[in-house]
Amino acid sequence: MAKIVGRDQSVVKRITCSNCASILEYRPIEVKTLWEGTDYGGAPDGAKGFKCPSCGENVITQRW
């Protein structure tokens, strides 16, 4: 059976919450689709990110 011997820190990214100014570290596995749909003109609209553990607001890592 495979065994975890550590974590590769090269995939860890940093971002600052625009609401509370907390500096956050996250891994790609923590990023989820926050919303997805279309805007009023019919073009795609959505965002990926996660909730800030400090204030609970959405932290957006990618928007389309």
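No disulfides are counted in this predicted model, a disulfide being a pair of cysteine sulfur atoms within 2.5 Å. In general terms, a disulfide is a covalent bond between the sulfur atoms of two cysteines. The sulfur of Cys20 has its closest cysteine sulfur in Cys52, at 3.7 Å, which is too far for a bond. For Cys55, the closest cysteine sulfur belongs to Cys17, also at 3.7 Å and too far for a bond.

The model is a prediction in which local features need pLDDT of at least 70 and side-chain atom pairs count only at pLDDT 80 or more, while totals for chains, interfaces and linings use all residues. Residues are numbered from 1 along each chain as its sequence is written, and side-chain values use heavy atoms, with hydrogens and water left out.

**Core**

The largest nonpolar core has seven residues: Ile15, Cys17, Leu24, Tyr26, Phe50, Cys52 and Val59. Such a core is a set of buried Ala, Val, Leu, Ile, Met, Phe, Trp, Tyr and Cys residues joined through side-chain atoms within 4.5 Å. Buried means under 20% relative accessible area, exposed means over 50%, and partly exposed lies in between, with a 1.4 Å probe and protein chains only. In soluble globular proteins, nonpolar side chains tend to be buried together. Leaving aside residues up to four places away in sequence, Val59 touches Ile15, Cys17, Leu24, Leu34, Lys48, Gly49, Phe50 and Cys52, where contact means heavy atoms within 4.5 Å.

**Sheet**

Strands here are DSSP runs of E with at least two residues, numbered from the N terminus. Three of them form an open sheet in the order β3-β4-β5, with antiparallel pairing; two strands pair if DSSP finds at least two bridges between them. β3 (32-38) and β5 (58-63) stand at the edges with a single partner strand each, so one side of each is left without a neighbour in the sheet. On average, neighbouring strands of this sheet are turned by 30° against each other, direction ignored. The axes are lines fitted to C-alpha atoms, and angles run from 0 to 180 degrees between N-to-C directions. Six bridges join β3 to the antiparallel strand β4 (residues 44-51). Within this pairing, Lys32 has Gly49 of β4 as its bridge partner.

**Salt bridges**

Two salt bridges are counted, each defined as a side-chain nitrogen of Lys or Arg within 4 Å of a carboxyl oxygen of Asp or Glu. In the first listed below, Glu25 and Arg14 are joined at the side chains. This pair links distant parts of the chain, with Glu25 in strand β2 (residues 23-26) and Arg14 in strand β1 (residues 13-16). Asp45 and Arg63 form a salt bridge as well, and they connect strand β4 with strand β5.

| Pair | N to O distance | Separation in sequence |
|---|---|---|
| Glu25 and Arg14 | 3.1 Å | 11 residues |
| Asp45 and Arg63 | 3.5 Å | 18 residues |

Arg14 is exposed at 62% relative accessibility, whereas Glu25 is partly exposed at 49%. Arg63 is exposed, at 51%.

**Loop and strand β2**

Ala21 lies in the loop between β1 and β2 and is exposed, at 55% relative accessibility. The phi angle of Ala21 is near 65°, a positive value in a residue other than glycine. Ile23, in strand β2, is exposed with a relative accessible area of 61%. Apart from residues up to four places away in sequence, Ile23 touches Arg14, Ile15 and Thr16.

Note on methods: Helices (H or I, at least four residues) and strands (E, at least two) are DSSP runs, numbered from the N terminus.
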